[in-house]
Amino acid sequence: MRLHTTTWGEGDRVALLVHGIMADHRTWRRVGPALAGRGYRVLAVDLRGHGASGRAETYTARDFADDLVATLPAGADLAIGHSLGGLALSLAVERLAPRRAVYSDPAWHLPTGDDGYRGELLAGAKAATREQVRAMNPRWEAADVDIELETLKVWDEATAYGLEPVAGTDLLPPAPVVPSLVTLADPSPLVPPELAALLRERGFEVRTVGGAGHTIHRDDFDAFMAALEGWV
């Protein structure tokens, strides 16, 4: 599927941004312009089932990755993926071949069990109220709460069920295909300390953003950008 994209900047370097589940390009409202200010032409996608991109019959992790390859230019200077976007980027990175990759709290380990990943629970978030979104994300700016409510309206909640087959499986890359940074929430709901240590052993640089929740770039934009120093 060819995805809807949004562009910031006209720089000589290219950066790619891939959002997480339930979101769309608007989640990068501050990151995109910030990278443009550093000389990048920034391309942010709406994944299938999200934002202005089309809906589909299947929403597998491989589908999301294949769409990135069909839509985005190969050889970008930088690629950043958050959560589901981090998983999709890792499955597409060999074909996209960016010079550097950043995985922000990537969905490489969806837990199972009573408190684990269940599509129906995530799909239920589509009906979240403003008060619920604010309660779940107390550090977000008001603009991000507004954006979340708008993105939920156009999100196809069927995407939540597409990830159930990979819950409980090991999705960690065996090695970085390109120089790679992993930024983690504190604590990360998807990359616990033992997996963070394993990533370091495999050659990833891992940085934890103190006090930040899963959507680091919205919880603490300044700390998120600081964690990218040396990579952007």
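Which residues does His217 touch, not counting residues up to four places away in sequence? The answer is in point 3, after some remarks on the chain as a whole. The model is predicted.

1. Overall form. The protein chain holds ten helices and seven strands. Its radius of gyration is 16 Å. A compact globule with 232 residues would have a value near 17 Å, so the chain agrees with that expectation. Along the principal axes, the C-alpha atoms fill a box of roughly 40 × 35 × 35 Å.

2. Burial, contacts and surface. Of the 232 residues, 54% are buried. Take the contacts between residues at least 6 apart in sequence: 73% of them join residues at least 24 apart. The chain exposes about 9,700 Å². Carbon and sulfur atoms supply 51% of that area. On charge, there are 23 positive and 32 negative groups, and their mean positions are 5 Å apart.

3. His217. This residue sits in helix H9, residues 216-219. His217 touches Thr27, Trp28, Val31, His82 and Phe224, with residues up to four places away in sequence left out. With Thr27 there is also a polar contact, side chain to side chain, at 2.9 Å. Is His217 buried or exposed? His217 has a relative accessible area of 3%, so it counts as buried. The cut-off for buried is under 20%.

4. Gly213. Gly213 is in the loop between strand E7 (205-208) and H9. The relative accessible area of Gly213 is 22%, so the residue is classed as partly exposed. Outside the four places on either side in sequence, Gly213 touches Ala185 and Asp219. The C-alpha atoms of Gly213 and Arg139 are 8.6 Å apart, while 74 residues separate the two along the chain.

5. Thr71. Thr71 belongs to helix H2, residues 61-71. What does the side chain of Thr71 reach at 2.9 Å? That partner is the backbone nitrogen of Leu3. The same side chain reaches the backbone oxygen of Met1 at 3.4 Å. Contacts of Thr71, leaving aside neighbours within four places, are with Met1, Arg2, Leu3 and Thr5. Thr71 has a relative accessible area of 13%, and therefore counts as buried.

6. Helix H2 and its cover. Thr71 is one of the buried residues of H2. The others listed are Ala61, Asp63, Phe64, Ala65, Asp67 and Leu68. What covers the buried residues of H2? The cover includes strand E1 (4-8), strand E2 (13-18) and strand E3 (40-46). Helices H3 and H7 are also part of it.

7. Positive phi at Ala97 and Asp105. Phi of Ala97 is near 50°, a positive value in a residue other than glycine. Ala97 lies in the loop between helix H3 (84-96) and strand E5 (101-104). Phi of Asp105 is near 40°, again positive in a residue other than glycine. Asp105 is placed in the loop between E5 and helix H4 (119-123). Is Asp105 buried or exposed? Asp105 is buried, because its relative accessible area is 0%. Ala97, by contrast, is partly exposed, at 40%.

8. The cis bond at Pro187. The peptide bond from Asp186 to Pro187 is cis, with omega near 0°. Where does Pro187 lie? Pro187 is in the loop between strand E6 (180-184) and helix H8 (193-201).

9. Glu157. Glu157 occupies the loop between helix H6 (142-154) and helix H7 (158-162). H7 is also among the elements that cover the buried residues of H2. Which residues does Glu157 touch, not counting residues up to four places away? They are Ala123 and Lys126. The C-alpha atoms of Glu157 and Leu122 are separated by 7.9 Å, with the two positions 35 residues apart in chain numbering. At 30% relative accessibility, Glu157 counts as partly exposed.

Notes. Residues are numbered from 1 along each chain as its sequence is written. This is a predicted model: local features need pLDDT of at least 70, side-chain atom pairs count only at pLDDT 80 or more; totals for chains, interfaces and linings use all residues. Side-chain values use heavy atoms; hydrogens and water are left out. Helices (H or I, at least four residues) and strands (E, at least two) are DSSP runs, numbered from the N terminus. Buried means under 20% relative accessible area, exposed over 50%, partly exposed in between (1.4 Å probe, protein chains only). Contact means heavy atoms within 4.5 Å. The radius of gyration is taken over C-alpha atoms; the globule rule is 2.2 Å times the number of residues to the power 0.38. Accessible areas come from the Shrake-Rupley method with a 1.4 Å probe; for residues, only the protein chains shown count as cover. Lys and Arg count as positive and Asp and Glu as negative; His and the chain ends are not counted. The place of a charge is taken as NZ of Lys, CZ of Arg, CG of Asp or CD of Glu. A polar contact is a pair of N or O atoms within 3.5 Å; within protein, one must be able to donate a hydrogen and the other to accept it, and residues adjacent in sequence count only if both atoms are side-chain atoms.
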